[in-house]
Amino acid sequence: MSDAKPSIGRASLATAAVNRELRIREGRPHPLGATWDGLGVNFALFSANATKVELCLFDSKGETELERISLPEYTDEVWHGYLPDARPGTVYGYRVHGPYDPANGHRFNPNKLLLDPYAKGLVGELRWDPSHFGYQMESGEDGTYDERDSAPFMPKSRVVDPAFTWGQDRSPSVPWSETIFYETHVKGFTRLHPAVPEALRGTYAGLGQKEVVDYIKALGVTSVELLPVHGFVQDQHLTDKGLANYWGYNTISFFAPELRYSATGSLSEFKEMVARLHDAGLEVILDVVYNHTAEGNEKGPTLSFKGIDNASYYRLIPDDKRYYINETGTGNTVNLSHPRVLQMVTDSLRYWVQEMHVDGFRFDLATILGREPYGFDEGGGFLDSCRQDPILSSVKLIAEPWDIGPGGYQVGGFPPGWAEWNDKFRDTVREYWKGDEGKLPELATRMTASGDAFNKRGRRPWSSVNFVTAHDGFCLHDLVSYNEKHNAANGEDNRDGHSDNKSWNCGAEGPTDDLGINALRERQKRNLLATLMLSQGTPLLLAGDELGRTQGGNNNTYCQDNELNWIDWENLSEDGQNLIGFTRKVIALRKTLPILRRGRFLTGRVNEELDVKDVEWISPSGQPMESGHWEDPSARCLGMLLDGRARATGIHRPAMDTTALLIVNAHHDVVSFRLPEVVGGSTWHCLMDTNLPNGLEVELFESGDEYLVTGRSVLLFALELDEGTSIALRRATRALNRLNEAPAPVPSASTEEAVPAEDVPVAGQED
């Protein structure tokens with residue numbers, strides 16, 4: 001039971017009444033939220049079913065409630081008022097009156113202090129207490145009514161001044177065909193970083209430090225994708241076990257940056273981080289969670305939306321509105337079919353683009369956002385809103401195209417203009433490299449941007465966001481080191497997390513002293529990274545994979561805010577340093593050879609006007625693959641011949657790209673591969689062989705030569721034209737040579753100078 005007393009008495013409220021009536025003005029119903037105009041603050045809150053809304057003002061720390069002011073006006077379902085003496089820094093919340101009638105979807109309870117859905121800043125953290133629940137939690141019956149005041153245990157909303165000197169900041173606007181995502185976590189990336197001052201580690205300011213930005217830039221990635229940074233709640237069931245919600249997929253505030261990642265508590269810290277990443281040419285992409293909130297189901301707490309207008313904000317069971325539709329697996333589903341809820345989400349997205357200067361969004365469980373009452377509709381309200389909005393249609397929009405509801409799996413089902421996480425690529429590549437039989441046909445499809453799912457309606461290969469690992473599941477090192485998940489630290493007896501990881505431990509479970517197994521694991525890492533970076537589509541690299549970070553076999557580290565997730569920069573092994581070097585090189589190859597990131601789907605059909613195929617699949621004999629090769633379940637080696645003459649655009653003319661040959665061999669033994677004869681040249685440059693620790697051994701071979709392809713390895717060859725080396729090939733070899741001569745950008749308290757990123761140009765820049 002909570003022993004907290006209401007933080008403001010009736011006498012104090014009565015005394016303030018006269019002064020309050022003189023201070024409050026009508027204000028405006030728009031914009032929603034608390035808006036500072038230089039003279040005062042306008043407060044506006046949507047609620048279609050409330051009968052009264054009280055604005056509650058607090059001291060600067062959010063500890064003492066100073067007064068309550070009834071918003072005087074109600075226009076178009078918006079309660080609003082204007083306080084001329086309010087300023088940036090004003091701390092506030094709402095108490096919303098109305099029926100407490102769960103059977104009809106209403107859960108109003110003015111004893112519960114509520115966060116403003118449009119709050120741009122937060123003060124304090126939620127401390128779990130029975131008073132957070134609109135019903136008497138101890139009874140377990142949500143039809144009961146709880147009169148305890150939740151304010152002492154609630155975070156509060158804060159009025160902000162958005163002013164910030166952006167100077168010359170501009171979005172890098174990286175073309176989709178050149179985009180390489182780098183998924184990371186604000187805290188985990190710098191919490192143990194030796195070059196970041198202790199006070200800034202794990203913060204927005206830490207991520208913006210020069211040494212950190214330089215490292216990311218030197219890798220060659222283009223777009224930093226941050227796990228959720230919207231204000232979120234720590235789950236009570238985790239805090240009770242001494243754990244924490246690390247990933248942050250438990251949003252309660254769609255406009256305010258998460259306070260735990262702020263060293264200063266100021267909005268400008270996030271903005272400065274963005275400006276510093278932009279200055280290095282790096283985009284900032286946010287992983288956002290608009291499919292559910294932290295308020296859970298009918299037994300969950302009342303923190304914001306549930307107490308403001310439960311029946312509007314959430315999807316409820318139509319014939320029993322006491323209960324929530326749960327297509328997210330979290331207890332509730334945000335109702336984007338409601339126009340005001342749709343407005344809130346699109347307002348939030350525009351705010352982060354226009355005010356915070358982010359460059360795009362990855363939408364968690366994005367199928368939810370396209371759901372209407374009758375099911376998923378790629379022409380639904382939210383997706384249509386994004387398509388027609390001049391702001392949102394100009395930034396990167398990436399869907400996680402699934403949820404747990406009916407028809408929830410929608411890979412390839414999103415409209416033009418969207419990119420989608422492609423788990424078909426992940427699963428097929430994992431299965432192939434662990435040695436599963438009969439995977440060549442599907443591997444070929446996945447390496448050519450999964451045209452079976454995306455090649456329609458003018459969509460481009462970049463629509464397929466290819467990944468092998470992500471925050472959810474095994475990291476790269478563990479993928480090649482564990483057959484089984486090891487999630488005991490999560491406190492659920494290893495029941496949580498997926499059991500089908502499509503992983504292979506190479507002969508021993510977990511750490512081993514066996515040199516042969518460790519060498520194979522390192523080669524498998526290079527194979528997986530090379531397949532990711534050299535396939536058509538948009539690659540996504542999980543931060544830390546490039547240096548061999550391990551999670552100890554835990555494939556569900558959502559609740560581990562500790563060394564399992566924090567990148568250990570100071571204890572980097574020699575293998576880890578080599579892997580960083582390899583990652584930089586394979587990214588440099590992708591960037592300098594346009595044939596590896598074509599803007600058109602590769603189909604293998606003959607272009608009769610040019611008499612060329614854009615892609616030809618080659619057997620180890622050096623001849624085109626035939627049906628017998630494709631149907632052989634034991635076949636594990638093939639070549640992917642990319643003809644640089646095939647037109648790169650819709651204009652009917654030959655391209656001038658470098659012809660490339662990518663060979664993959666998942667067989668356990670050496671395969672003799674005859675280099676094919678092609679038009680235009682006879683000399684092949686071997687640019688990469690993953691059998692080598694650094695992946696690089698530039699050698700020359702002739703068409704018809706037999707190359708002994710090491711078991712479980714990837715090779716990349718580029719053709720030297722008869723009339724001379726192409727510009728792209730010269731760029732590629734020059735970039736590789738420079739990276740060979742330079743140290744890998746391993747972070748330390750005094751970081752050595754790495755090759756500047758501008759010295760590894762993207763093809764199309766001046767040579």
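The buried residues of helix α11 pack against α10 (423-433), α12 (451-454), β26 (615-618), α16 (627-631), β27 (637-642) and β28 (660-665). Here helices (H or I, at least four residues) and strands (E, at least two) are DSSP runs, numbered from the N terminus. Buried stands for under 20% relative accessible area, exposed for over 50%, and partly exposed for what lies in between (1.4 Å probe, protein chains only). This is a predicted model, in which local features need pLDDT of at least 70 and side-chain atom pairs count only at pLDDT 80 or more, while totals for chains, interfaces and linings use all residues. Residues are numbered from 1 along each chain as its sequence is written, and side-chain values use heavy atoms, with hydrogens and water left out.

Let us stay with α11 for a moment. This helix covers residues 440-447, and its buried residues are L440, L443, A444, R446 and M447. Seen down the helix axis, they fall within an arc of 165 degrees, so they line one face of α11; the arc is taken from the directions from the helix axis to the C-beta atoms. Just after α11 comes A449, with a positive phi of about 70 degrees.

Now for the aromatic rings. A pair of aromatic rings is described by the distance of the centres and the angle of the planes. Rings of Phe, Tyr and Trp (its six-membered ring) pair if their centres lie within 6.5 Å; planes under 30 degrees apart count as stacked, over 60 as edge-to-face and the rest as tilted. The whole structure holds 42 aromatic pairs. One of them joins Y182 and F189, which meet edge-to-face at 5.9 Å centre to centre, with 90 degrees between the planes. Both Y182 and F189 are buried. Y314 and Y324 are also edge-to-face, because their ring centres are 5.5 Å apart and their planes are at 80 degrees. Both lie in the loop between α7 (305-313) and α8, so this pair ties together parts that are 10 residues apart in sequence. Y314 counts as buried at 1% relative accessibility, and Y324 is buried too, at 7%.

One aromatic cluster includes F254, F305 and F382. Two of these turn up beside T293, a residue in the loop between β16 (283-288) and α7: T293 touches F254 and F305, and among its other partners are Y314 and N332, not counting residues up to four places away in sequence. A contact like this has heavy atoms within 4.5 Å. T293 has 2% relative accessibility and therefore counts as buried. The third, F382, is touched by T346, along with S385 and L392, under the rule that leaves out residues up to four places away in sequence. T346 is part of helix α8 (residues 339-354) and is buried at 6% relative accessibility.

Finally, look at a sheet. Strands of a sheet pair through backbone hydrogen bonds, either parallel or antiparallel. Four strands form an open sheet in the order β1-β2-β6-β5, with antiparallel pairing; two strands pair if DSSP finds at least two bridges between them. At the edges are β1 (33-36) and β5 (73-75), each of which pairs on one side only. Three bridges join β5 to the antiparallel strand β6 (residues 78-83), and E73 stands opposite H80 in β6.
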